[in-house]
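Visitor: I would like to learn how to read strands and helices in a model. Please take me through some cases.

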Amino acid sequence: MLGSGEVIGKLEMSWDDLLNYGDEPFDVSFPPVRGVHPSLKLKTAIVHAYHDALSDSLVDCGIARNTDAGHAQFAAYMTSKDLSQLNTAVEHFQLVLDQCPVSHPDHAAALTNIAWARLQGYIQNDLQLEDIDAITSLFREALALRPQRHSDNPLSLYNLSEALNWRHDKKSTAADICEAAQLYHELLPLCPEGSYLRSFVEGPNGVDYVLYGCNNLPIDASEEGICLRRVVLELCPQGHQLCLSALYKLSSALTSRFTQRGNINDLDESIQFLREAVSLSPEGHSDLAYYLNNLADSLDLRFNHQGKPNDLDDAISLYEAALRLHPVGHEYRDVSLDNLGGALARRFNTRKDNIDDITQAISLRREALMLCPPGHPNHDITLNNLAVSLKIRYDELDVSEDLNETIDLYRDALRLRRLDDPERHVNLLNLSSALCSRFMHTPKDEDVEEAINLCQESLPALPSLHPDKYYSYFRLREAYMSRYQIQHNPADLSLAIENFRLASRHPTQGFPQRIIQAYNWTVVAEEHDHGSALEAYSTFFELLDAHLATRSSTTSRREAAAAFHYARSLPADAASCAIRCDNLRHAVELVERGRGQQWSLASRLKTPVEDLESANPKLAHNFSELSKLISNAAHDSTDSTDRAADDLAATKYRKVAEQWEAAVAEIRNLQAFSRFLLPPLYADLQAAARHGPVIILIASEYSCSAIIVPTAGDPHHVPLPSIALADLKTLKDRFTRALRHASRMNPAETRTDLIALLRTVWDEIMLPIVNVLENVLKLKHRSRIWLCPTAAFTSIPLHAAHPFQTRADRSKEPCLEDLYICSYTPTLSALIRSRQMMKRRVTPSFVAIGQGQPGAGKGKALSAVDSELELVRELVPATANHTTISGDAATRAGALQALEGNTWMHLACHGKQDPTQPYNSHFVMRDEHLTLLDIMDTHIPHAEFAFLSACHTAAGDEETPDEVIHLAAGLQFSGFKSVVGTLWEVDDAVAKHVVEAFYTYMFHPKEVGVMDPTKAAWALNCATHAVKTKVPLEQRMVFIHIGV
């Protein structure tokens, strides 16, 4: 048999002793080598050779003799260093190789023996430098013959890595040390702890040599470079002196790739590794400040790309910590000063709420510039960065001296940049922006011409998908728009719009920046009556939708949307624009797309898949399972104070979300599902009007009007010329005052103020709509209609519109609720979803939940709750499985369990709308609050009806009215198809009259045992009419119906 390359001992045993073992295997031990005790398991057998086998046996004997002779000479050489003995050993090994062709089972061993002997000669400088290439090739050939799972594969991996290490030592070839790292990464798991081979791998010329070699390589952001850094990190156990460096270098490579390609996964991973490096760095570690700065840089980058406020605040804290480690006189103090100044400037530019931020930013950057005089390697960067901060202050505070200094600094920085500097485009674009600002202040054509030329110069310097290409388009748009505003050349407006389009659609830039461009595009297009306005609105909604989808939790989505608070009027503005373009169908599509985005995003995970199951069960199952996974990932990523844990949860969520999106794309490849989960078209939305028209009320600064979506055919436009957006805001404030005043009045007193306001609502808003319903659509009286108000209309009690007029025959003019059965719907899609879910009805069960004695500090006692619950119990059909939960049993957990276990629900308690965080709006239970988030997390597909006898359950969020975030909408989202809610405070002493009348009509004696949630709107209409003499006007108006 052939040896493995090194003599570890000699077997001294006679043939007789060997044959005495018979057929039984036996162990042979050798003296320890490197702390390892080698041993062999042998078995003897007598072989009788005949005919052709005799010649094969003779050949094998020759191979064995030459191999043994080679090993003997090689062992002597390793002791004596006599070159003649090495040459003799190589000659013997070459004879063996000649007798072992490629097909021979011992060919790989023959290659290994001669290569190993020559490698040792090379190490001792007894062979030529060029011999190492041939040696490496021999080992590589041997490894190819010993694939994974071959018993000698680990040995061949080690041999090749050893040759590569020595070649790198002599030639410093980066490719060699990189390949050696990959081989060790593959080899280590194959070498058990304490094994002979592992003692070599972990020796000074093994893994450590490779780690130090790789550590000295420049950072490479290519796929191969990042793969190498991952390998190095895995080879570097925690506690190894190069572990921190490995973490830092991998994170740097990932950050570098992010800046080139814009893939947020790279940046997230970089932050994860930098957090680990910081946590592993002991206090006083020489590189701690470096790691702090780099972590802050990455968080700052992510803030710019994703818009998460915590990232910027964390970055500032880390920059401050790094600056404390760089006191006056430290060689890197200028870097820390500059970095902290930049982050403070960005915070001021984003929030505009603290002038101290920008003042401190400029001060820090001036100090940094003093530490970087001309000739300093950071001089040009510091010049540019000080100019950035001054420009931010100029834009906000209009300090003309800042602008002039900014331009001078930018010019100085640009002159210092080499033409081939990869960051030169930053200076070009910054100077362009400053020149545009000066042009708008003191119009000089040369400024704007230079600005345009600078932007155009930046374009070819960047690859088409480089994230910073966005800034070239952004600044070019700024320059063309500046020139258009002064010179009024229509060609400049067209060029500006085209660059709006390119910037907002640049795929590798983060969503927040692109959303801002799309918003500004809508403003410019509206202001200058440009034909791209509808495209701009659609782009904005598409980008905002995609941005919110990257957020895992409901609250983080709202936080992300709140960053664009200035754009909250866009759904109504978009619809108004489409109306002015005489495109009513598109108006309906746009207002639907822009409203209720939080509900739309969340509802995607609850999309019914019955039709898909019929067409492709496998895809339907995959989609359902991924929807569950993404929902679970969202729950795992609830906000916490552990930033690292938050990052990991967000990464997990995004990975699952990417799989979910891929599944959706696959479903859309099916012919019948090409629009699966895409924004609905008018033809889809018209299904909401199947049982009666839906009236969308548009409140925009450009116009106020209504669109009626009929059961069939095109929508109808109803102008409301007597009302403007400002009037609606005034009307809302007047209603608030009138309701507050009414709450202090005697029930029998006339609500004069409310009557006047409701007459205004009738005359200026609802009467023009009623005229179209009656005269154009020929809608029969007492038919059902659905109101879908937008923006400021959401604060007006439209259903209560009333003329309060008497005819000549002394009969009263009918009000809206005399003419029609009114319901509300947050969006058309919400109504459609509720109707679709009505197909899956089960045996009804009814629960009444009441909490009239909330815990201390949770509100006054509600004395009428228990009697209201008893009243409900008496009126609910005996055929229904009825449960009452009250007092100590009416806890948060008890209420949630009741929600999940019943199809009908009546809830009587305190309700609270949280104006700052609407998802914290809640029902007051005995112990903890039952919040809107709790309700949203509860999926009750068979739920049918809920009556919410509590305050403010259908009052939306004033800051984002088009999101329709309130308790009643949450119950509809969780599964209830029909909900009665309240717009303001309820007086429980009189509410029971409405409740009694409602259930009397709902469960009419003529329809014993019938529980039909679609009757709720009619029953509420009848009830409010029936209690006119018992219940004051504001307490009748307070109840509204939502849903089917």
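Visitor: Is strand 3 (residues 694-699) largely enclosed by the rest of the structure or not, and why?

Guide: First, the basis. This is a predicted model, in which local features need pLDDT of at least 70, side-chain atom pairs count only at pLDDT 80 or more, and totals for chains, interfaces and linings use all residues. Residues are numbered from 1 along each chain as its sequence is written, and side-chain values use heavy atoms, with hydrogens and water left out.

Guide: Helices (H or I, at least four residues) and strands (E, at least two) are DSSP runs, numbered from the N terminus. Buried means under 20% relative accessible area, exposed over 50%, and partly exposed in between, with a 1.4 Å probe and protein chains only. Strand 3 is largely enclosed by the rest of the structure because six of its six residues are buried.

Visitor: Which residues point each way from strand 3?

Guide: In a regular strand, side chains alternate between the two faces of the sheet. Here Val-694, Ile-696 and Ile-698 point one way, while Ile-695, Leu-697 and Ala-699 point the other way, and all are buried.

Visitor: Which way do strand 3 and strand 4 run, parallel or antiparallel?

Guide: Two strands pair if DSSP finds at least two bridges between them. Strand 3 and strand 4 (residues 704-709) are antiparallel, joined by six bridges. A hairpin of four residues connects the two strands, and Leu-697 lies opposite Ala-706 of strand 4.

Visitor: In what sense does strand 3 pair with strand 6?

Guide: Strand 3 pairs with strand 6 (residues 783-789) in the parallel sense, over four bridges. Leu-697 has Pro-789 as its bridge partner in strand 6. Seven of the seven residues of strand 6 are buried. From strand 6, Ser-783, Ile-785, Leu-787 and Pro-789 point one way, and Arg-784, Trp-786 and Cys-788 the other. Strand 6 also runs parallel to strand 7 (residues 820-824), with five bridges between them; Ser-783 is the bridge partner of Tyr-820 there.

Visitor: What span does helix 23 reach?

Guide: The expected span of a helix is 1.5 Å times one less than its number of residues. Helix 23 (residues 511-527) has 17 residues and reaches 24 Å from its first C-alpha to its last, close to the 24 Å expected. Twelve of those 17 residues are buried, so helix 23 is largely enclosed by the rest of the structure; among them are Ile-515, Tyr-519 and Trp-521.

Visitor: What takes a positive phi just after helix 23?

Guide: Asp-529 does, at about 55°.
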